[in-house]
Amino acid sequence: MTDTASALRYLAVLDDPWYRCLVAVQDLVSYETAVFWRARGVRCVHLPITTNSVSSPMGLGSDSLPVRVDLFGVPTYLADSMQFMLEYGCRLAPGGCYYLMPSFRGEAADETHLNQFFHSEVEIQGGLDDVMAAADEYVRHLASTCLAQLGDELARVAGGIAHVERYLATPTARITVDEAVAVLTGQEGCVVVNGDDLWPTVTRRGEQRLVELLGPSVWLTHFDHRAVPFYQAHDHTGTRALNADLLLGPGEVVGCGERHVTGDQVRDSLRAHAVAEGDYGWYVDLKSAYPLRTSGFGLGVERLVMWLMACPDIRRTQLVERYNGVLTTP
């Protein structure tokens, strides 16, 4: 984007009612996130945006590219997630902890993916079902308060609010990846096969098709353990991860999972995912010294906003655009 184009955009935004509604929705998400977790005894933690332990390192199950920077001569990464720090925080806040802060990714932006986005993440004690219930309740809280406080404004810019009303009136469906693959096989672009051992993965188009068939919201659960990062715990078979994605509108809006409890479990998983222990030695030590069963989720705020505002392109949900390799004004 040229300086001229970016200048035209940021000035045009000031006269666009759509962006006035966007600011109102962003404000509501921030405020109601604090209200929701405070009522449940989950504490907010203030965390840095830099890390040397990215949550999706190169290896099996990585779904993002880390953003490496030079910080006064020290190589480091901008946070793709601060999940590990939330796990650390759970040892200090038994009720759980959360944050709402930016995350950074290295892949190219597209209609459903941003390079810099706001991440609402939480970690609580308990298992996969516990955190799925919390995530479902949280998203429904945000949707219902948005209707209650911004319904008229949202209806004007989104062309209606029937999609939100239908979601709130319908329980979230649940399907495993194995079940989903059986449903979607043969439907073009819905399933891809990965790796030498040929494990199937549901694509973004497949996610959207599941929403069409089972929605308006769907939990897609128990991925092949090779398709998720090393920190996800396994079920009793040892081949399926204790994880789930909440599909809504454009596809995945929330990703959640149960974590390994002990340092030995983490070490075994690092080896299985071909990730060097290196920068994760502290994480292994934490699990060894303070074993604790926790689960957590991350919500992509702009993906939720995209669905609420019936926006076909997530890039429009940025008040101020940011793309990798592009200098943008302001």
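In which helix does Arg38 lie? In this predicted model, Arg38 belongs to helix H2. Its relative accessibility is 68%, above the 50% cut-off, and Arg38 is therefore classed as exposed. Although 59 residues separate Arg38 from Cys97 in sequence, the C-alpha atoms of the two residues are 9.9 Å apart in space.

Helix H2, spanning residues 17-38, also contributes to the largest nonpolar core. This core comprises 51 residues, and the members that touch the most others are Val25, Trp37, Val139, Val254, Phe297, Leu299 and Leu304. Two or more residues are given to the core by each of several helices, namely H2 (17-38), H4 (128-158), H5 (162-169) and H10 (301-308). Strands S6 (116-125), S11 (243-248), S12 (251-258) and S13 (294-300) likewise each give two or more. Helix H4 accounts for the largest share, with 13 residues. A further core of 16 residues lies apart from this one and includes Ala180, Leu210, Val211 and Val228. In soluble globular proteins, nonpolar side chains tend to be buried together.

The surroundings of Trp37 were examined individually. When residues up to four places away in sequence are disregarded, Trp37 is in contact with Val42, Tyr98, Val122, Ala134, Tyr138 and Phe297. Of these partners, Phe297 is itself among the core residues that touch the most other members.

The second largest pocket encloses about 320 Å³ of space. Its lining consists of 17 residues, and those nearest the pocket centre are Gln26, Phe117, Phe118, Glu302 and Thr317. At least two lining residues are supplied by each of H2, strand S5 (97-104), S6 and H10. The largest share, 4 residues, is that of H2. By residue class, the lining of this pocket is made up of 10 nonpolar, 5 polar and 2 charged residues.

The cysteines were considered next. No disulfide is present, the count for the structure being 0. For Cys21, the nearest cysteine sulfur is that of Cys146, at a distance of 6.9 Å. A disulfide requires sulfur atoms within 2.5 Å, so Cys21 takes part in none. Cys21 has a relative accessible area of 0% and is therefore buried, the cut-off being under 20%. Cys190 is also counted as buried because its relative accessibility is 2%.

Technical notes. Residues are numbered from 1 along each chain as its sequence is written. This is a predicted model: local features need pLDDT of at least 70, side-chain atom pairs count only at pLDDT 80 or more; totals for chains, interfaces and linings use all residues. Side-chain values use heavy atoms; hydrogens and water are left out. Buried means under 20% relative accessible area, exposed over 50%, partly exposed in between (1.4 Å probe, protein chains only). A nonpolar core is a set of buried Ala, Val, Leu, Ile, Met, Phe, Trp, Tyr and Cys residues joined through side-chain atoms within 4.5 Å. Contact means heavy atoms within 4.5 Å. On a 1 Å grid over the protein atoms alone, a cavity is a set of points where a 1.4 Å probe fits but cannot get out, and a pocket is an open set with protein on both sides within 12 Å along at least five of seven lines; lining residues have an atom within 4 Å of a point. Grid points are joined across faces, edges and corners, and a volume is the space filled by probe spheres set on the points. Ala, Val, Leu, Ile, Met, Phe, Trp, Tyr, Cys and Pro count as nonpolar, Asp, Glu, Lys and Arg as charged, and the others, Gly among them, as polar.
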